[in-house]
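Me: I am new to this structure and would like a close look at how its helices pack and how its aromatic rings meet. Please take the helices first and then go on to the rings.

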Amino acid sequence: MPRPILATIHPAALQHNLSRCRLAAPDAKAWAVVKANAYGHGIERAYAGLCGADGFALLDLEEAQRVRDLGWRGPILLLEGVFEPRDLELCSRLNLWHTVHCDEQIDMLAAHKTNVPHRVFLKMNSGMNRLGFTPERYRTAWARLNALPQVDEISLMTHFSDADGARGVAYQMQAFSRATLDLPGERSLSNSAATLRNSAPTSDAALSPEDVVTSDWIRPGIVLYGSAPDYPQHTRTDWGLQPSMTLSSKIIATQSINTRDSVGYGSTFVAEKPMRIGVVACGYADGYPRVCPTGTPILVAGVRTRLVGRVSMDMIAVDLSVLDDAGVAVGMGSEVTLWGRASQGTVLDIDEVAHAAGTLGYELMCALAARVPVVTEAC
Ligand SMILES: *Cc1c(COP(=O)(O)O)cnc(C)c1O
């Protein structure tokens with residue numbers, strides 16, 4: 001029998017989460033953002049659940065090739081554009097749309113030989129100071145692109161730094177709107193958090209009208225994978241999302257320990273009472289964060305309990321006393337859910353585990369280790 005750790009991808013959840021985005025932006029077209037190998041899910045595995053999108057947005061030419069190999073004939077957008085001149089040849093060949101965020105990329109386009117002009121997304125740096133032309137330089141870039149025979153339609157794009165937080169999107173919206181007022185072309189602004197803002201839970205007094213963003217093309221990523229972009233302010237269930245990845249394993253040993261016995265490296269957990277612990281086949285070499293402390297939630301046989309002691313490379317320990325006290329029979333071979341959906345239906349949100357590790361669901365999904373076997377649930 002293989003080591004019992006397993007990741008399961010849920011295409012039906014991806015499909016549901018995509019519809020949830022469409023509900024928040026009913027008039028917009030939707031890019032399914034599948035960079036980083038579909039946030040660790042695997043592009044090929046995620047495809048069935050996301051092929052209802054209007055296009056796929058990603059970073060790597062190799063990933064774009066894989067989406068074409070799956071039979072996708074619709075739009076594909078390179079979110080960082082091209083990195084060197086010969087990338088444009090592949091753009092022409094695979095019919096890729098690409099972001100243009102700097103003068104060097106315009107130079108490359110101007111030198112590119114193609115019979116088919118390219119659709120480009122001109123990126124504005126509206127305040128995040130990562131990629132894009134500043135509002136002052138945006139029009140010049142637009143005019144340069146517009147004069148090139150290599151360029152077909154120009155769409156306008158920016159990215160928000162604080163759509164999930166207190167600062168919000170208004171400061172960037174103002175910069176973007178002012179600089180693009182009379183420019184033609186479709187607009188693409190909203191990531192997951194900005195998309196969901198449009199349908200914020202009504203209890204949310206924090207949201208003002210200028211927080212509502214309209215995009216011709218929304219660019220949801222993390223919501224597709226069932227994680228709340230603004231956790232813990234809102235949870236997955238607040239937003240009506242379903243988890244698209246489950247990481248599960250099994251108990252491979254149990255220990256009955258006494259008061260003052262310790263568990264694991266560094267003896268960081270010391271029992272305050274006699275208790276049973278389960279040893280689980282999952283460690284940081286599987287992508288479970290080593291920094292998760294004692295108390296991190298975990299499901300055993302679908303029942304919520306906690307991690308105890310340090311995460312080691314291949315194993316963690318869980319507190320079985322909650323289950324023993326409740327009379328739930330568990331032992332070697334019992335199912336453990338690190339995040340996602342247990343077979344009897346209980347869900348442990350990846351956001352809760354990520355929060356315990358001081359990070360985001362994004363990082364946990366993307367860090368799923370190569371040694372973990374992955375299966376796709378039937379739709
Ligand atoms: C990653 C990315 C997104 C998606 O972000 P989420 O927060 O996952 O929704 C959207 N736009 C750009 C430019 C990105 O790089």
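Reply: Helix α6 (residues 103-110) and helix α7 (residues 135-146) pack with their axes 11 Å apart and at an angle of about 10°. An angle under 35 degrees counts as roughly parallel, so α6 is roughly parallel to α7. On the α6 side the contact is made by D103, I106, D107 and L109, and on the α7 side by R137, A141, R144 and L145. The model is a predicted one, and the values here are computed from it.

A second helix pair is formed by α4 (61-69) and helix α5 (residues 87-94). Their axes are 11 Å apart, and the packing angle is about 15°. That angle makes α4 roughly parallel to α5. The crossing of the two helices is left-handed. From α4, the residues L61, Q65 and R68 take part, and they meet D87, L90 and L94 of α5.

Helix α4 also holds R66. Buried means under 20% relative accessible area; R66 has 18%, so R66 is buried. Apart from neighbours within four places in sequence, R66 is in contact with N37, I43 and E44. G240 is 174 residues from R66 along the chain, and the C-alpha atoms of the two are separated by 30 Å.

One of those contacts, I43, leads to helix α3 (residues 43-50), where I43 is among the buried residues. The others are A46, Y47, G49 and L50. The buried residues of α3 pack against helix α4, and also against α1 (11-24), β2 (29-33), α2 (35-39) and β3.

Y47 brings us to the rings. A pair of aromatic rings is described by the distance of the centres and the angle of the planes. With centres within 6.5 Å taken as a pair, the count comes to eleven aromatic pairs. In one of them, Y47 and F56 are stacked, with 5.6 Å from centre to centre and 25° between the planes. Y47 and F56 are both buried. F56 also pairs with W72: the ring centres are 4.9 Å apart and the planes stand at 90°, so this pair is edge-to-face. The pair of F56 and W72 links distant parts of the chain, 16 residues apart. F56 belongs to strand β3 (residues 55-58), whereas W72 is in the loop between α4 and β4 (76-78). W72 is buried, as is F56.

Elsewhere, W31, W97, F121 and W217 make up one aromatic cluster. Over the face of W97 lies R119, at 4.2 Å from the ring centre. Another arginine, R167, has its charged end over the ring of Y171, 3.5 Å from the centre of that ring.

One glycine rounds off the view. G278 is found in strand β13 (residues 275-280), and its relative accessible area is 0%, so G278 is buried. Leaving aside neighbours within four places in sequence, G278 is in contact with I251, A253, T254, I316, A317, V318 and L320. G278 and G331 are 53 residues apart in sequence, with 7.2 Å between their C-alpha atoms.

Note on methods. Residues numbered from 1 in each chain as written. Predicted model: local features only at pLDDT ≥ 70, side-chain atom pairs only at ≥ 80, totals over all residues. Heavy atoms only, no water. Phe/Tyr/Trp six-rings, centres within 6.5 Å; stacked < 30°, edge-to-face > 60°. Buried < 20%, exposed > 50% of the residue type's maximum accessible area, 1.4 Å probe, protein only. Helix = DSSP H or I, 4+ residues; strand = E, 2+ residues; numbered from the N terminus. Lys NZ or Arg CZ within 6 Å of the ring centre and 35° of its normal. Axes fitted to C-alpha atoms, helices over the stretch in contact; angles between N-to-C directions. Parallel < 35°, antiparallel > 145°, perpendicular 65-115°, else oblique. Left-handed = near helix turned anticlockwise from the far one by under 90°. Contact = heavy atoms within 4.5 Å.
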